[in-house]
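Welcome! Please take a moment with the sequence and the 3D view below, and then we can walk through a few of the local features together.

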Amino acid sequence: MRQRNLLSFCVSRSVLWLAMVSGFCGAATAADAASEGIRPWAKNPRYWQYKGEPMLLLGGSKDDNLFQIPDLEEHLDEMVKVGANYIRNTMSDRPDKGFEVYPFRRLDSGKYDLEQWNDEYWRRFENMLRWTKSRDIIVQIEVWDRFDYSRDNWESHPYNPKNNVNYDYKQSGFAERYPDHPGANKQPFFFTTPYQRNNRVVLRYQQRFVDKMLSYTLQYDHVLYCMDNETSGEEAWGKYWAEYIQQQAQAKGKTVYTTEMWDAWDLKAPQHRRTLDNPDLYAFADISQNNHQKGQTHWDNFLWVRDYIRQRPRPLNSVKIYGADTGRFGTDRDGIERFWRLLLGGAAAVRFHRPESGLGLSPPAAASIRAARKVESLVKLWDVEPDLSVLSDRQPNEAYAAVRPGQAYVVYFTDGGSVGLDLRKYPIQFELRWIDISNGQWGPKTTLNGGQTATLSAPGKGHWTAVVIARGHSAPTAQ
């Protein structure tokens, strides 16, 4: 506040006075801007802060390269209505739905010129940044997506030499086809950096693309950067681009936060150590691929990562929660369970993956987001810690808990059930609020006596959350 008052004072003075104190006022403005933008929370770096306040990031949306959808503004309004404030935005351009466009200009000959931009692509991108900023929605960008450059998507892509006027197959080192799954990592597109094959022909155009992207994003303070979508590539590839983006930002006086999303489903795999062991380069970790796991394994693996980084805690984001009856990676039930286990486990950001592989912003996803915001109105999740030891008579995968002993307990039931809650050390009275996750609405309200192991029995089958808070606990009052 003091800095802002000084800044206002400077602005109100004469031009001469402004010139004399411009250095001081500039420093104050820069400090204010840095504290306002998205960044790990100074008090608890396992979570994010934005505009100087801690923020739990919740999301669900219907597409990956969200900036390309024709009804983006309406979709963002739907998100805000249910309490979502977090999107995934791949920079992808593969034309699988018919409305996508490429970032490069297409010439009358039908070929692309990688030296010229398609203004429509970048107009859409800028609109997304502007509209999310005005709604306080945090954007997590994925710069490269391996699926864009393999199989059928490579056939029409501007980087394919037959589709551009800038290089041929020999100059670029590309082949006409890449029929294998991109997980095989045979595409030379992902080997261009000086740390790898130093392919200067292609790297120059990749850099131009990233520079163009940054020319928009560095004007905003609500953007996070993930280098790839579920990559199995070399460590050197992501490292180069994370360093490149940070250097470009620093040259503009900006601080940005980068990560990488590895393909390994086991968070203990060596791939993930590349991120977890390098906190100075990767200020947060995306652990989305853990969402191929189920039940207790899903919970245990996430908590393993949480413990692994305890010396340098940082946000753990899950920008893709798989699981939908329409997909191949679990059911609707799996998707909702994964969302809630991550919340109680201490994830900083959780988002339902797009259909068909996730619930997107479907009614079940929207209900979970509304329910999570109701929990947050009673207990902030950064004020509790995951702890199953307070639960007794628990069946496998029946219930999960996050607690602040003697003050607040959040218990998630995957499908009804009953467990004991250890309140023996606290002979006081507690309030119990149930939240029906199936519709995002409040359920029954009652009291519990401490000094004993209290019984928590869900009001019915299905997904429920119990919030138990000590009488007089200074949490916000539910509306």
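## Pairing and the later sheet

Two strands count as paired if DSSP finds at least two bridges between them. Keep in mind that this is a predicted model. With that criterion, strands E15, E18 and E21 make up an open sheet, arranged in the order E15-E18-E21 with antiparallel pairing. Its edges are strand E15 (391-392) and strand E21 (453-457), each of which pairs on one side only.

How many bridges link strand E18 to E21? Five bridges connect E18 (residues 418-422) with E21, and the two strands pair in the antiparallel sense. If you would like a spot to zoom in on, serine 418 stands opposite serine 457 in E21.

## The earlier sheet

Another open sheet has three strands in the order E1-E2-E3, again with antiparallel pairing. Here strand E1 (39-40) and strand E3 (53-55) are the edge strands, pairing on one side only.

Strand E2 (residues 48-50) is joined to E3 by three bridges, and these two strands run antiparallel. Facing each other across this pair are glutamine 49 and, in E3, proline 54.

## Asparagine 65 in its loop

Now for a single residue: asparagine 65 sits in the loop that lies between strand E4 (57-60) and helix H3 (72-82). Is asparagine 65 buried or exposed? Its relative accessibility is 6%, so asparagine 65 counts as buried, the cut-off for buried being under 20%.

Which residues does asparagine 65 touch, leaving aside those up to four places away in sequence? Its contacts are Asn89, Thr90, Ser92, Asp93 and Glu100.

Technical notes: Residues are numbered from 1 along each chain as its sequence is written. This is a predicted model: local features need pLDDT of at least 70, side-chain atom pairs count only at pLDDT 80 or more; totals for chains, interfaces and linings use all residues. Side-chain values use heavy atoms; hydrogens and water are left out. Helices (H or I, at least four residues) and strands (E, at least two) are DSSP runs, numbered from the N terminus. Buried means under 20% relative accessible area, exposed over 50%, partly exposed in between (1.4 Å probe, protein chains only). Contact means heavy atoms within 4.5 Å.
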